[in-house]
Amino acid sequence: MRARVSWFLVLAVYLAFPGFQRERIDEMGLERMRVDAPLTQALRSRWDTEATAFMLPWGHMIPSLEEVSRITGLRVYGRPVSGYTYPCYRELACRLLDLTVEQRSSLLSRVELQESLGLFQTGKGVAEMADEQLQRLTRGCREALADEPRAQADLDLHRFLIFFLDRLLFATRGDPVHYRFLLLLEDLGQVGNYAWGAAFLAHQFDSLGSSDRQTTISGFYPFLQAYLHLPGLRRGILERPGVVPLARHWVPRRDTYPLGDQRASLKDAIDLYPQLDVVWQPYLEEGREGQPWLEPAHPYFGRMVWIHALNLVLPLHLYLTQRSLGLRQSAVEFPSRDRTPRPGRSFRGLHDTTDWCVRVHEQIDDWEHRGRWVNFEAVSDDVYLQAFALKYGAMVDVTGEIASLWALLHSAVQDREVAQREADQLRAELERVRRAQAGASSSRAVESSQSDPEDRLVDAVRRAEDAQAELVERVAELRTATGRATRL
């Protein structure tokens, strides 16, 4: 996964920038984030290209704009990342980067771009630690970068942004660097007004839908590590709680098994994951403190909208995952490979100059009007799950899901019985205390001293009854889910 190396190099350049340059790109929030490659690849195997969603035993799940905003901190509001694509970026590269490309080409050597930023000998030396490597690279970049806000500083920033976008945020598997975003970077004062987070999501969808024969994905893959949605996998260690964005919270759990074995084990774990342990809305308890980007982004959350990354124009199919919005899942018409391809599939770039704002003006207009809300009328998920089982039944381990539900039900019944016994014991103790008080002296001092244990017992009984009620409700939900899975 190429971004593992690129992240280190991007960080070295960022740390080498003088203060005035950092202020211009401070909203990027650059910091090392660690990858869980086995989990990412296991999830990739569940991607349905036609639905642009993950196909999991309990239904569809899909990364959303709120996911991007919460996890990465990228901007998901503002101008769509759309404009012109060209067959050749020679003139732009010369003017904005002072670098050259071949005639009729849009590609540049990665090494040449890195060296223009001062990144020489990027490999780790013998016996060199990661921190020592980072310090060495940062020193080299500092010597090459301008230290005053002049024309050379603009060249440095243009080069850095191209490197950041093409080698990390929108990474591809090829080695050369593509200049497709260069025109959008011409006015450095406007770069921050684009919805780069929405473009990032479109790129993720496209890379997930690549050939099944490829074992890796491109792009900023730590975004896909579903630690909050599937906590039972126990893949992440919460190392920095309270730090934002959320991708900085977690460190992947170390595993000494080979990558292939881990991936196979995780596929099985996902197939058998208990449905009621899936966290559909993981951000309900997450506040907005220290995350000023969430407030302007909120109008885009929970809406179906077209997302843009120049020649990639894709729909965000939130109607497939209404449970992530706190709704019941309606029956839906699933996209099918047997039908004529719809405009919902990505628009591929052409080999001539294309104005995407004109070519996809309806989708641009949809973005500017923030798409549309997900409509719902369902009172249960049953019809959706039946349709889902009919379409994907051959790929979903229904037997394993039923076994997991029965295990959960058995455990919940035992917990309910224990809670009931504890509540009965506390009620009996409370009754004994009250009878003792009735026969005791009526003096104010004695009455005051005797009321304390009674109050504590009343609170304990109330808590026990609440816990018992929750367990009764959970048992009922599990019985319903088990019966439904059995019918399916």
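These exercises, each with a worked solution, walk through a predicted protein model.

Residues are numbered from 1 along each chain as its sequence is written. In this predicted model, local features need pLDDT of at least 70, side-chain atom pairs count only at pLDDT 80 or more, and totals for chains, interfaces and linings use all residues, while side-chain values use heavy atoms and leave out hydrogens and water.

**Exercise 1. The overall picture**

Find how many helices and strands the protein has, and what share of its residues is buried.

Step 1. Set the terms. Helices (H or I, at least four residues) and strands (E, at least two) are DSSP runs, numbered from the N terminus.

Step 2. Read the totals. The protein has 16 helices and 13 strands.

Step 3. Turn to burial. Buried means under 20% relative accessible area, exposed means over 50%, and partly exposed lies in between (1.4 Å probe, protein chains only). Of the 488 residues in the protein, 49% are buried.

Step 4. Look at contacts (heavy atoms within 4.5 Å). Take those with a separation of 6 or more: 75% of them join residues 24 or more positions apart.

**Exercise 2. Helix α4 and its surroundings**

Work out which residues of α4 are buried and what they pack against.

Step 1. Locate the helix. α4 covers residues 65-72.

Step 2. Check burial. In α4, 7 of the 8 residues are buried, so the rest of the structure largely encloses this helix. The buried ones are L65, E67, V68, S69, R70, I71 and T72.

Step 3. Name the neighbours. These buried residues pack against α9, α11 (294-297), β10 (306-309) and α13.

Step 4. Look just past the helix. G73 follows α4 and has a positive phi, near 80°.

**Exercise 3. How α4 meets α9**

Describe the packing of α4 with α9 (residues 196-208).

Step 1. Recall the general approach. Two packed helices are described by the angle between their axes and the distance between the axes. Axes are lines fitted to C-alpha atoms, for helices over the stretch in contact, and angles run from 0 to 180 degrees between N-to-C directions.

Step 2. Apply it. The axes of α4 and α9 come within 9 Å and cross at roughly 110°.

Step 3. Classify the angle. Under 35 degrees counts as roughly parallel, over 145 as roughly antiparallel, 65 to 115 as roughly perpendicular, and the rest as oblique. α4 and α9 are therefore roughly perpendicular to each other.

Step 4. List the contact residues. α4 contributes L65, V68 and T72, and α9 contributes G197, A198, F200 and L201.

Step 5. Sort them. Ala, Val, Leu, Ile, Met, Phe, Trp, Tyr, Cys and Pro count as nonpolar, Asp, Glu, Lys and Arg as charged, and the others, Gly among them, as polar. The contact of α4 with α9 has 5 nonpolar residues, 2 polar and no charged.

**Exercise 4. Two oblique pairs**

Describe how α3 packs with α10, and α5 with α8.

Step 1. Start with α3 (residues 37-44) and α10 (residues 259-271). Their axes are 8 Å apart, at an angle of about 50°. That makes α3 oblique to α10.

Step 2. List the contact. A37, P38, L39, Q41, A42 and L43 of α3 meet L259, Q262, R263, L266, K267 and I270 of α10. The contact of α3 with α10 holds 8 nonpolar, 2 polar and 2 charged residues.

Step 3. Go on to α5 (residues 90-97) and α8 (residues 151-169). Their axes come within 8 Å and cross at roughly 130°. α5 is thus oblique to α8.

Step 4. List this contact too. R95, L96 and L97 of α5 meet L155, H158 and R159 of α8. The contact of α5 with α8 divides into 3 nonpolar, 1 polar and 2 charged residues.

**Exercise 5. The two sides of α13**

Sort the residues of α13 (residues 361-368) into buried and exposed.

Step 1. Find the buried ones. Q363, I364, D366 and W367 are buried.

Step 2. Look down the axis. The buried residues of α13 fall within an arc of 155° (taken from the directions from the helix axis to the C-beta atoms), so they line one face of the helix.

Step 3. Turn to the other side. There, E362 and E368 of α13 are exposed.

**Exercise 6. Positive phi in loops**

Locate D98 and R234, and give the phi of D98 and of R234.

Step 1. Recall the background. Most residues other than glycine have a negative phi.

Step 2. Take D98. It sits in the loop between α5 and β5 (107-108). Phi of D98 is positive, near 55°.

Step 3. Take R234. It sits in the loop between α9 and β7 (236-238). Phi of R234 is positive, near 55°. At 63% relative accessibility, R234 counts as exposed.
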